[in-house]
Amino acid sequence: QVQLVESGGGLVQPGGSLRLSCAASGGTFSNWDMAWFRQAPGQEYEFVAFISYNGGRTYYADSVQGRFASSRNNAKNTVYLQMNSLKAEDTAVYYCAVRAGSGYYQPTDYQYWGQGTQVTVSS
């Protein structure tokens, strides 16, 4: 079955950077559109970034546009989220997910999810 494992989270100071990874298995990764979502305590899932199956299309939430960038290496079955100029409001659990629906921005458009990795931005 499809498995997604996120890594790379941690504690970082405001203005710092982190690179998240999402390693996939159990299917043909190169066929999958992927996305990153995040969930802060007491909040709903929030769309962060989308990347198409071949990396040719990317979409970002307004809140992270210009600071975050998603990429992928299909030979390694891995998608990445480079996060720069981090802010306290970026603190959340970050999830990667495989797209199954027709849309891009709603959690219901995604079928498989990882377990998440915690990102904490604090001084």
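Me: Which residues of strand E1 make up the covered face, and which the uncovered one?
Reply: Leu4 and Glu6 form the covered face of E1, while Gln3, Val5 and Ser7 form the uncovered one. A general point helps here: in a regular strand, side chains alternate between the two faces of the sheet. One caution before we go on: this is a predicted model, where local features need pLDDT of at least 70 and side-chain atom pairs count only at pLDDT 80 or more, though totals for chains, interfaces and linings use all residues. Residues are numbered from 1 along each chain as its sequence is written, and side-chain values use heavy atoms, with hydrogens and water left out.

Me: Why is E1 called a strand?
Reply: A strand is a DSSP run of E with at least two residues, numbered from the N terminus. E1 covers residues 3–7, so it fits that rule.

Me: How do you know that E1 and E3 pair?
Reply: Two strands pair if DSSP finds at least two bridges between them. E1 and E3 have five, in the antiparallel sense, so they pass. In E3, Cys22 is the bridge partner of Glu6.

Me: What makes E1 an edge strand?
Reply: The open sheet has four strands in the order E1-E3-E8-E7, with antiparallel pairing. Strands E1 and E7 (68–73) each pair on one side only.

Me: Why is the link between Cys22 and Cys96 called a disulfide?
Reply: The rule asks for a pair of cysteine sulfur atoms within 2.5 Å. Here the S to S distance is 2.0 Å, so the pair qualifies. Cys22 sits in strand E3 and Cys96 in strand E9, so the link ties together parts that are 74 residues apart in sequence. Both cysteines are buried, a word that means under 20% relative accessible area (exposed is over 50%, partly exposed in between; 1.4 Å probe, protein chains only).

Me: What makes a set of residues a nonpolar core, and which members touch the most others?
Reply: Such a core joins buried Ala, Val, Leu, Ile, Met, Phe, Trp, Tyr and Cys residues through side-chain atoms within 4.5 Å. The largest one has 34 residues, and Leu4, Met34, Leu81, Met83 and Tyr94 touch the most other members.
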